[in-house]
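User: I'm new to reading structures, and I'd like to learn how such descriptions are justified. Could you take me through this one?

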Amino acid sequence: MGAKTALYQEHLNLGAKVVDFAGWDMPLHYGSQVEEHYKVRGDAGMFDVSHMTFVDLKGERVREFLRYLLANNVDRLTTYGRALYTCMLNEQGGVVDDLIVYYFDETYFRMVVNAGTHDKDMAWIKRHATSFDVVVEELTDVALLAVQGPEARSRVHNLLSETQREKAEALAPFNAVESEGFFISRTGYTGEDGYEVMVPEDQAVDFWRRLHKIGVHPIGLGARDTLRLEAGMDLYSAEMDEETSPLEAGLKWTVAWEPQDRNFIGREALEPQYNATPTRKLVGLILDDRGVLRGHQRVIVDGEAVGEVTSGSFSPTLGKAIAFARVPYDVSGRVLVEMRGKQLPARVVKPPFVRHGKACFE
Amino acid sequence: MSNAPSHLKYAKSHEWVETVSEGTYRIGISDHAQDLLGDMVFIELPEVGQTISAQDECAVVESVKAASDVYSPLSGEVIEINEALVDGPDLVNRDPYGDGWLFTVKASDLSELDGLLAADEYIKLSADDDH
């Protein structure tokens, strides 16, 4: 028995197969994970992601605090509602978590961090917030619904008030707006257009049911994983963790090195690596043979195990298995992956595998 | 609740056996098994003409979640395989007892049938699996 979101009973009513995810009872799928995947790529799907952690940060020195706490630079955020993807590093340059941070005004930012890292993240944030007099408030009375797919935005617009709709329609990607109790963000974890809508917990069931009624399909965590993998997006604890630097997880672009005088946690440890050739890198793999790439399978080059699959699955869009793998920096072309006692050839590619619903590779 | 038709016999390892004619048996995996595994993406079948022994791994069903060995409930010779599964692995999900069958064996030891479970016994066993 785990924690339950406000939508738990809705999931059961829709026939969800419920699994434990980071201590939460969450829907894995509602019948077919692969069908759900196609619904998001071709139409519109909704995910209950209320288990994630929402943290409001307030205080006169909140920007200064986040400049120190986060590897990406919050100085890139200057307009209301603007969002930024970033890692939060430890002193060794390993990843404590990856997250999205939103800017409201000079005394008010919001972060959305992972459910699986809730306790350590909250402890880490609070520990460092004290010296900046930043107040850390976790939002616990809200639900977050991700509505994703080519039809997602127009479906959501149908359910919004006129004021909300106007504001939502005007949102550029990676921007958000608060309106009449809804926090509407043009973000997601699928590679499709859409919103993540934060609503008061007591309105979650109603909003979910209204979305369902106008043809937005419920989607479980199973499809959420294959969608993000196809879109080339990292998953915390698979692609990166406290022992892995963002530079070896394909996230160099999220570390803001300039200005050089910005001191952020982990900078000192990363500095020698930043301009040097890294020893390892994160690559995409495609398996043309029948079989499924899965986490922890060994990657073989010249008869030697040189790396490991970090996340792998069957890609419904490509009709074959895809993966992320961490390998030595000079690996390219083809590798072998060990699975079920066999070694099968895989192509080394640069993610994403799928963009705007279309396969990037054959 | 998964279903298990009463005219079939079942192995503890979640395969079903259907009598095609005296000595010839069709084999597949149960509704419970396909439900646990989720969407099938690849099915690896034995070869026609291959001799298999009871309890041997003779096929692999691979789903989005995991690859799982299929054990033959009976010894004998494989006389037919379900070619439709090569392009339509989801048949196992949609119709595990019908179009999603795996292969047919000409059994060499009919006494092996006695070790299989009746539907109600299998349902009891698979219910214990669900927690």
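User: How many residues of domain 1 of chain A are in contact with domain 2 of chain A?

Analyst: Happy to help! Keep in mind that this is a predicted model. Twelve residues of domain 1 of chain A are in contact with eleven residues of domain 2 of chain A. The word "contact" is used because the C-beta atoms of two such residues lie within 7 Å.

User: What makes these two domains, and where do they lie in chain A?

Analyst: Their bounds come from an automatic or database domain assignment. Domain 1 of chain A takes in 8–50 + 141–230, while domain 2 covers 279–359. Their C-alpha centres lie 30 Å apart.

User: Which elements give two or more residues to the side of domain 1 of chain A that touches domain 2?

Analyst: Those elements are α2 and α8 of chain A. The largest share, five residues, comes from α2(A). By class, that side of domain 1 of chain A divides into four nonpolar, four polar and four charged residues.

User: Why is helix α2 of chain A called mostly covered?

Analyst: Set the count against the cut-off. A residue is buried if 20 or more other C-beta atoms lie within 10 Å of its own. In α2 (residues 33–42) of chain A, seven of the ten residues are buried, and the helix is described as mostly covered. Among the buried ones are V34(A), H37(A) and V40(A).

User: What covers the buried residues of α2(A)?

Analyst: The cover includes strands β2 (24–29), β3 (45–48), β9 (142–148) and β13 (217–218), together with helix α8 (221–230), of chain A.

User: How do you know that β3(A) and β13(A) pair?

Analyst: Two strands pair if DSSP finds at least two bridges between them. β3(A) and β13(A) have two bridges, in the parallel sense, so they meet that cut-off. For G45(A), the bridge partner in β13(A) is H217(A).

User: Why are β10 and β13 of chain A said to stand at the edges of the sheet?

Analyst: Six strands of chain A form an open sheet in the order β10-β11-β12-β9-β3-β13, with mixed pairing. β10 (176–179) and β13 of chain A each have a single partner strand, so one side of each has no neighbour in the sheet. Helix α6 (residues 162–169) of chain A packs on this sheet, touching β10 and β11 (182–185), and its direction makes about 170 degrees with that of β10(A).

User: How many residues of chain B are in contact with chain A?

Analyst: Seven residues of chain B are in contact with eleven residues of chain A. The chain B side has four nonpolar, one polar and two charged residues.

Terms used. Residues numbered from 1 in each chain as written. Chains lettered and ligands numbered in written order. Predicted model: local features only at pLDDT ≥ 70, side-chain atom pairs only at ≥ 80, totals over all residues. Buried ≥ 20, exposed ≤ 12 C-beta atoms within 10 Å, placed from the backbone. Helix = DSSP H or I, 4+ residues; strand = E, 2+ residues; numbered from the N terminus. Nonpolar A, V, L, I, M, F, W, Y, C, P; charged D, E, K, R; others polar. Axes fitted to C-alpha atoms, helices over the stretch in contact; angles between N-to-C directions.
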